[in-house]
Amino acid sequence: MHIVGNGPIAADLSAAIDASDFVVRFNEPKCSIGMSGTRTDILFMCNAGKPMQRRLSDPLFLQSPILQAAEQVILAYHPHIIARYFPKPNPLSQIKGRRSDWTMETVKALGAVGKANTILPVQFYLNGCRELGLPEAQMGKVFPSTGYFGIYYVLNHKQFANWDISVCGFSWQGWKRHAWADEQQWVKSKVETGRLIVID
């Protein structure tokens, strides 16, 4: 299995990834586009905030090769989690159409192009935060990334218990409210125990 992030990839892994038994990706390819193939069995998506609003407003997103290839789309954040923890747009931004939760709009858009989708439960998010060592007091300020939750999902899914799992394209950089250093250290701990293999 390959878990493919959206960061830079040093070598063209397209053939190896497309030939893999299972491929997990996130949101939309950025630096890895053209270097990591298109096979996608699960596409994890962030259904909150500005990034999802931008994707939904771009008709080309629903036509992208990655989304078209996806067998299943998983929305990482339950609406109750977004309502409880995620930052709310200020009143002026709300007037402009900004909001935190884009779950239903995402579900409708994906359904319109025939994509099955799943919303992860509240407890999944809470368990993932606990695994990362994120205390309750920080959960309204720091938010684990979609990439982290995708890896966490795979490692905790019985289907993949005995699989060889490789990760690539993770730069641990981006939105300042993600716990990049903690997520990178968590992945390192899984590499040290032999659960993950990192491809640079």
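A cavity is a set of points, on a 1 Å grid over the protein atoms alone, where a 1.4 Å probe fits but cannot get out, and its lining residues have an atom within 4 Å of a point. This is a predicted model, in which local features need pLDDT of at least 70 and side-chain atom pairs count only at pLDDT 80 or more, while totals for chains, interfaces and linings use all residues. Residues are numbered from 1 along each chain as its sequence is written, and side-chain values use heavy atoms, with hydrogens and water left out.

**Exercise 1. Describe the largest cavity and sort its lining.**

Step 1. Grid points are joined across faces, edges and corners, and a volume is the space filled by probe spheres set on the points. One cavity of 30 Å³ or more is counted, and the largest cavity has a volume of about 40 Å³.

Step 2. Find the lining in the structure: it includes Val4, Arg25, Phe26, Glu28 and Ile66.

Step 3. Now sort by type. Ala, Val, Leu, Ile, Met, Phe, Trp, Tyr, Cys and Pro count as nonpolar, Asp, Glu, Lys and Arg as charged, and the others, Gly among them, as polar. The lining divides into five nonpolar, five polar and two charged residues.

**Exercise 2. Examine the strands beside one another.**

Step 1. Strands (E, at least two residues) and helices (H or I, at least four) are DSSP runs, numbered from the N terminus. Two strands pair if DSSP finds at least two bridges between them.

Step 2. Strand 1 (residues 2-4) pairs with strand 2 in the parallel sense over two bridges; here isoleucine 3 has valine 24 as its bridge partner.

Step 3. Strand 2 also runs parallel to strand 3, joined by three bridges, and phenylalanine 26 stands opposite phenylalanine 44.

Step 4. In a regular strand the side chains alternate between the two faces of the sheet. On strand 2, Val23 and Arg25 point one way, Val24 and Phe26 the other, and all are buried (under 20% relative accessible area; exposed is over 50%, partly exposed in between, with a 1.4 Å probe and protein chains only).

**Exercise 3. Explain what the salt bridge of glutamate 28 connects.**

Step 1. A salt bridge is a side-chain nitrogen of Lys or Arg within 4 Å of a carboxyl oxygen of Asp or Glu. The whole structure has six.

Step 2. Glutamate 28 bridges to arginine 55, with the closest N and O atoms 2.8 Å apart. Glutamate 28 lies in the loop between strand 2 (23-26) and strand 3 (42-45) and arginine 55 in helix 2 (residues 49-56), so the pair ties together parts 27 residues apart in sequence.

Step 3. Both residues, glutamate 28 and arginine 55, are buried. A network of salt bridges links Glu28, Arg54 and Arg55.

Technical notes. On a 1 Å grid over the protein atoms alone, a cavity is a set of points where a 1.4 Å probe fits but cannot get out, and a pocket is an open set with protein on both sides within 12 Å along at least five of seven lines; lining residues have an atom within 4 Å of a point.
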